[in-house]
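Work through the exercises below with the sequence and the structure at hand. Try each task before reading its solution.

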Amino acid sequence: MGKTSGTIAIKGNKFHARTPQAMVWFDGKTQWSYMKSTNEVNISTPSRSQQISMNPYTFINMYKAGYQLSHRVKGNNYEVHMVAQNKNNGIPDMYIYINKRTYSPSQVKIKQGGSWTVINIINFKAKNLPNSTFVFRSKDLPSAEVIDLR
């Protein structure tokens, strides 16, 4: 559908993603999504498959629940293929590419609704982040309209 770049900060199942078009905060339960074009923040409680589509690093724990794993070496990466045992799963198929030298993720491919989303990971850095990183603060976007969809 398109291509964009951005950053994502992750801590457990919490994340904060930022692109030129949008920002998303998720504290493990509640998600705040800010769209720059509409100057709106939508508050929701996303489903598991919605969380995965926004935070590709949920694969870290996702493999424990109903996925068959296989792996092989592909170029400079380890390719981990995850196939859902239940075909009605929101994410039936996923590939994770791990750099053989640094052991950091380099790409995630997620199949949803018959199409693939590819996320290229560049400049991966591990660091400890405060929990406040993953919560929307209205004072940071005081003119944005907040819409609670829960």
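**Exercise 1. A pair of charged side chains**

Task: Find what joins the side chains of Asp148 and Arg150, and decide whether each residue is buried, partly exposed or exposed.

Solution: Keep in mind that this is a predicted model.
Step 1. The side chains of Asp148 and Arg150 form a salt bridge, with 2.6 Å from N to O. The cut-off for a salt bridge is 4 Å, so this pair qualifies.
Step 2. Asp148 has a relative accessible area of 44%, so Asp148 is partly exposed.
Step 3. Arg150 has 57% relative accessibility and therefore counts as exposed.

**Exercise 2. A network of charges**

Task: Which residues are linked with Glu79 in a network of salt bridges?

Solution:
Step 1. One salt bridge joins the side chains of Glu79 and Arg72, at 2.6 Å from N to O.
Step 2. Another joins Glu79 to Lys74, where the closest N and O atoms are 3.9 Å apart.
Step 3. Arg72, Lys74 and Glu79 are thus linked in a network.
Step 4. Compare each accessibility with the limits: under 20% is buried, over 50% is exposed, and between them is partly exposed. Glu79, at 6%, is buried. Arg72, at 46%, is partly exposed, and Lys74, at 39%, is partly exposed.
Step 5. The structure holds four salt bridges. As a rule, side chains of opposite charge can pair when their charged atoms come close.

**Exercise 3. The order of a sheet**

Task: Give the strand order of the open sheet of five strands, and explain why β6 and β10 stand at the edges.

Solution:
Step 1. The order is β6-β7-β8-β9-β10, and the pairing is antiparallel.
Step 2. β6 (67-74) and β10 (115-120) each have a single partner strand, so one side of each has no neighbour in the sheet.
Step 3. On average, neighbouring strands are turned by 15 degrees against each other, direction ignored.
Step 4. Inside the sheet, β7 and β8 pair over seven bridges, in the antiparallel sense. Val80 stands opposite Ile96 in β8.

**Exercise 4. The nonpolar cores**

Task: How many residues does the largest nonpolar core have, and which element gives the largest share?

Solution:
Step 1. The core has ten residues, among them Tyr67, Met82, Ile96 and Ile121.
Step 2. Two or more residues come from each of β7 (77-84), β8 (93-99) and β9 (105-112).
Step 3. β8 gives the largest share, three residues.
Step 4. A second, separate core has nine residues, including Trp25, Trp32, Val41 and Ile43.
Step 5. In soluble globular proteins, nonpolar side chains tend to be buried together.

Terms used: Residues are numbered from 1 along each chain as its sequence is written. This is a predicted model: local features need pLDDT of at least 70, side-chain atom pairs count only at pLDDT 80 or more; totals for chains, interfaces and linings use all residues. Side-chain values use heavy atoms; hydrogens and water are left out. A nonpolar core is a set of buried Ala, Val, Leu, Ile, Met, Phe, Trp, Tyr and Cys residues joined through side-chain atoms within 4.5 Å. Buried means under 20% relative accessible area, exposed over 50%, partly exposed in between (1.4 Å probe, protein chains only). Helices (H or I, at least four residues) and strands (E, at least two) are DSSP runs, numbered from the N terminus. Two strands pair if DSSP finds at least two bridges between them. Axes are lines fitted to C-alpha atoms, for helices over the stretch in contact, and angles run from 0 to 180 degrees between N-to-C directions.
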